[in-house]
Amino acid sequence: MKSLLDMLDHAGQYTDSEMECILNDKETLALYETIVMVRQALQTKEARRTSLLQPQGFIWKAASVIIVLFVVGALGYAAFHIIGGLSQEEPTITTTPVSTNSRPEEEVENKAKEEPTPVAKTVLFENKTLREVLDRMSETYNVKVRYEEEGLADLRLYFNWDSSEDIRDVLALLNSFDHFHLQLEGNTIVVRKPIGS
């Protein structure tokens, strides 16, 4: 919801694929459509010209009030469930010591050998590095990760991951971002720059 409101206020700062990713959630899309309808109702010339005493003006104003109340109710409902969901399903954060002599591929291989940690069904990554996102996914899907260029691992992104989805579907969704391309080769996610960049 926070991303949607920010996107509406600063639409020029988001790419089409980021907007599509935000609007991929059904509740967020419904809220977006409601906000657009409210904005359109408030911006129509007829709604500005008619007065409260005229029958048509009264209907527009009543409809606007109902829509605004619906939006406020939907935001409250969403906030209640988001806050309630976060307090109930806090993901466990574990840290592992990192050797300066090991390569990132070896670290991922060692993590794949360990028992995967249980993951909540939906995980929201806010301003996390691609390495953090893929490390978490590699544990769940029991795959390795290989970076063709080290700088790609440090890219930051916002991503809402449903861990019950198939890995190929998740990679296709992640490939909507512009700065990297993910491909599943056997039991390894290969991270490379997109073709033509």
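Here is a short back-and-forth about this predicted model, mostly on how helix 7 and helix 8 sit together.

Me: Why are helix 7 and helix 8 called roughly antiparallel?
Reply: Look at the angle. The axes of helix 7 (residues 130-141) and helix 8 (residues 167-174) cross at roughly 165°. Anything over 145 degrees counts as roughly antiparallel, so the pair gets that label. The axes also come within 12 Å, and the crossing is left-handed.

Me: Which residues meet where helix 7 and helix 8 come together?
Reply: On the helix 7 side you have Leu134, Met137 and Tyr141, and they meet Ile167, Val170 and Leu174 of helix 8.

Me: What makes the residues of that contact nonpolar, polar or charged?
Reply: It goes by residue type. Leu, Met, Tyr, Ile and Val are all on the nonpolar list, so the contact divides into 6 nonpolar, no polar and no charged.

Me: Where is confidence lowest and where is it highest in the protein chain?
Reply: Helix 4 (residues 45-49) is the low end with a mean pLDDT of 54, while strand 2 (residues 144-147) tops out at 94. Residues 92-99 fall below 50, and that stretch has 3 contacts in the model beyond near neighbours in sequence. Across the chain the average is 77, with 73% of the residues scoring at least 70.

Me: What does "buried" cover here, and how much of the protein chain counts?
Reply: The cut-off is under 20% relative accessible area. By that test, 29% of the 197 residues count as buried.

Notes:
Residues are numbered from 1 along each chain as its sequence is written. This is a predicted model: local features need pLDDT of at least 70, side-chain atom pairs count only at pLDDT 80 or more; totals for chains, interfaces and linings use all residues. Side-chain values use heavy atoms; hydrogens and water are left out. Axes are lines fitted to C-alpha atoms, for helices over the stretch in contact, and angles run from 0 to 180 degrees between N-to-C directions. Helices (H or I, at least four residues) and strands (E, at least two) are DSSP runs, numbered from the N terminus. Angles under 35 degrees count as roughly parallel, over 145 as roughly antiparallel, 65 to 115 as roughly perpendicular and the rest as oblique. A crossing is left-handed if the near helix is turned anticlockwise from the far one by less than a right angle, and right-handed if clockwise. Contact means heavy atoms within 4.5 Å. pLDDT is the predictor's confidence in each residue, from 0 to 100. Buried means under 20% relative accessible area, exposed over 50%, partly exposed in between (1.4 Å probe, protein chains only).
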